[in-house]
Amino acid sequence: MSGGDFSKQKTKVAHILNLYPESRNSDITLTIKYWETFQPDIYSSHGILPKDLFRLERMHYIVRARAKIQNEYNLFTPNTEVKRFRRKHEEEMSEAVLEDAKPRKLVHVYADETGKTQNYVVVSSVWVLAGRAVFTVSQAITSWQKTSRWAKREAHFAKLGKQDLDTLNEYLRIIVKNREFLSFKSIAVERARTKRSIEQVVEKLHEHMLLRGAEHEIDSNRIGLPQKIEVTLDHEQSLDAITLDEIKRRINGGYAAKYGEEIEVSQIETISSRNSPLVQLSDLVAGAINRKMNNTGDKNYKDEMADLVIHMLDLQFEQDKVEGLDVSALFKI
């Protein structure tokens, strides 16, 4: 779920439970929001044709996945009253279920690091500014990829060859179509200007990226408060679980000092990029910026690809030079 992999029903159910707290207490609310989110071409709040009932996901399969997530994994659990009197509670909530369940205000951040042996160390991130948009963007990428030349491979900047230029162009057009949901943040430091170990540098870059990135989003009115932030990193990054917990505590301390309890990082997860189109997107952005900032040799097709990524996604290299809609920034320390 953290990676935006919606290929299995269980992940889709978890996504609804995470985004709509009311669905944790009501299987009817859960099913309605599931249909509304994942089968909008069939489900209608104004009425469902009998023939369409055969096409919608069966409620008992959705409930079975919910039970496994709540009872076996102990995630997104209902309140105590519902645990004891679930059936009765469902009946009492019948009127509330018919209302539009309000989603949590949730921002997802997907980040990757690069340049650890080069002049500039870079952390780049993709910010998905609405919880429901995680599915929208992931599904758009996955649907395109199934029939593309990248159908059986991951999107990694370092592995792009000359033959990938046209496919990269197609991929970026998919991202641009969904640009309204996305924001891009990168942060870099010149290794020669710090005496910290590379592990400490990466740690501080992630921390400052989340602190300054949230401030940038709030100041530009891209997100409002209150807000929760969920962070997903490639599991190949160099930070261990203890360090990630320490980063989370420091970030939330920084948020609290400026915004009180209105914003916090609720989780930081690490996953394989293999099943996460959004972690792969953060890799492509990081790779392009890394190439732009660190390549001092002769230019070749990789520089052309980096320029293409930067141009099509309108990635800005100076925070104070962003014009119009302020959706990207490069913070240099």
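In the predicted model, Tyr43 is buried, with a relative accessible area of 16%, and Trp35 is likewise buried, at a relative accessible area of 14%. Both values fall below the 20% that bounds the buried class. The rings of these two residues, Trp35 and Tyr43, have centres 6.1 Å apart and planes inclined at 40°, so the pair is classed as tilted, given that stacked pairs have planes under 30 degrees apart and edge-to-face pairs over 60.

In total, eight aromatic pairs were counted. In one of them, Phe6 and Phe135 meet edge-to-face, with 5.3 Å from centre to centre and 90° between the planes. This pair joins distant parts of the chain, since Phe6 belongs to the segment before helix 1 (9-19) whereas Phe135 belongs to helix 7 (residues 133-146), the two being 129 residues apart. Phe6 and Phe135 are both buried, and ring pairs connect them with Tyr34 and Phe38 in a cluster. Over the face of Phe38 lies Lys12, at 5.6 Å from the ring centre. His15, a residue of helix 1, is buried with a relative accessible area of 3%; beyond residues up to four places away in sequence, His15 touches Phe6, Phe38 and Phe135 of the aromatic cluster, together with Met1, Gly131, Arg132 and Val134.

The arrangement of the first three strands was examined next. Strand 1 (residues 106-114) pairs with strand 2 in the antiparallel sense over seven bridges, and the two form a hairpin with five residues between them, in whose turn Gly115 has a positive phi of about 75°. Within this pairing, Val109 stands opposite Trp127 of strand 2. Strand 2 also pairs in the antiparallel sense with strand 3 (residues 182-190), here over nine bridges, and Val123 stands opposite Ile187 of strand 3. Strand 2 (residues 120-128), which thus pairs with both strand 1 and strand 3, is mostly covered, eight of its nine residues being buried.

The largest nonpolar core comprises 59 residues, and Leu168, Tyr171, Phe184 and Leu281 are those with the most contacts inside it. The greatest contribution to this core comes from helix 11 (residues 277-294), which supplies eight residues. When neighbours within four places in sequence are left aside, Tyr171 is in contact with Ile141, Trp144, Trp150, Pro277, Gln280, Leu281 and Leu284. Apart from this core lies another, of 30 residues, which includes Trp127, Val189, Val201 and Val231.

Among the helices, helix 9 (residues 198-219) has 22 residues and should span 32 Å at 1.5 Å a residue; the distance of 31 Å between its end C-alpha atoms agrees with this expectation. Helix 9 is followed by Asn221, the phi of which is positive, near 60°. Helix 12 (residues 301-312) has twelve residues and reaches 16 Å from its first C-alpha to its last, close to the expected 16 Å. In helix 12, the buried residues are Lys302, Asp303, Met305, Ala306, Leu308, Val309, Ile310 and Met312, and the elements that cover them include helix 8 (165-177) and helix 11.

Several loop residues show distinctive backbone geometry or exposure. Asn74 lies in the loop between helix 3 (59-72) and helix 4 (80-84) and has a positive phi, near 60°, although it is a residue other than glycine. Phe76, placed in the loop between helix 3 and helix 4, also has a positive phi, near 50°. The side of the burial boundary on which each residue falls can be stated from its accessibility: Asn74 is exposed, with a relative accessible area of 57%, whereas Phe76 counts as buried at 17% relative accessibility.

Pro226 is located in the loop between helix 9 and strand 4 (227-234), and the peptide bond leading to it from Leu225 is cis, with omega near 0°. Gly260 lies in the loop between helix 10 (241-259) and strand 5 (263-271), and counts as partly exposed at 31% relative accessibility. Although Gly260 and Pro226 are 34 residues apart in sequence, their C-alpha atoms are 9.8 Å apart in space.

Terms used:
Residues are numbered from 1 along each chain as its sequence is written. This is a predicted model: local features need pLDDT of at least 70, side-chain atom pairs count only at pLDDT 80 or more; totals for chains, interfaces and linings use all residues. Side-chain values use heavy atoms; hydrogens and water are left out. Helices (H or I, at least four residues) and strands (E, at least two) are DSSP runs, numbered from the N terminus. The expected span of a helix is 1.5 Å times one less than its number of residues. Buried means under 20% relative accessible area, exposed over 50%, partly exposed in between (1.4 Å probe, protein chains only). Two strands pair if DSSP finds at least two bridges between them. A nonpolar core is a set of buried Ala, Val, Leu, Ile, Met, Phe, Trp, Tyr and Cys residues joined through side-chain atoms within 4.5 Å. Contact means heavy atoms within 4.5 Å. Rings of Phe, Tyr and Trp (its six-membered ring) pair if their centres lie within 6.5 Å; planes under 30 degrees apart count as stacked, over 60 as edge-to-face and the rest as tilted. A charge sits over a ring if NZ of Lys or CZ of Arg is within 6 Å of the ring centre and within 35 degrees of the ring normal.
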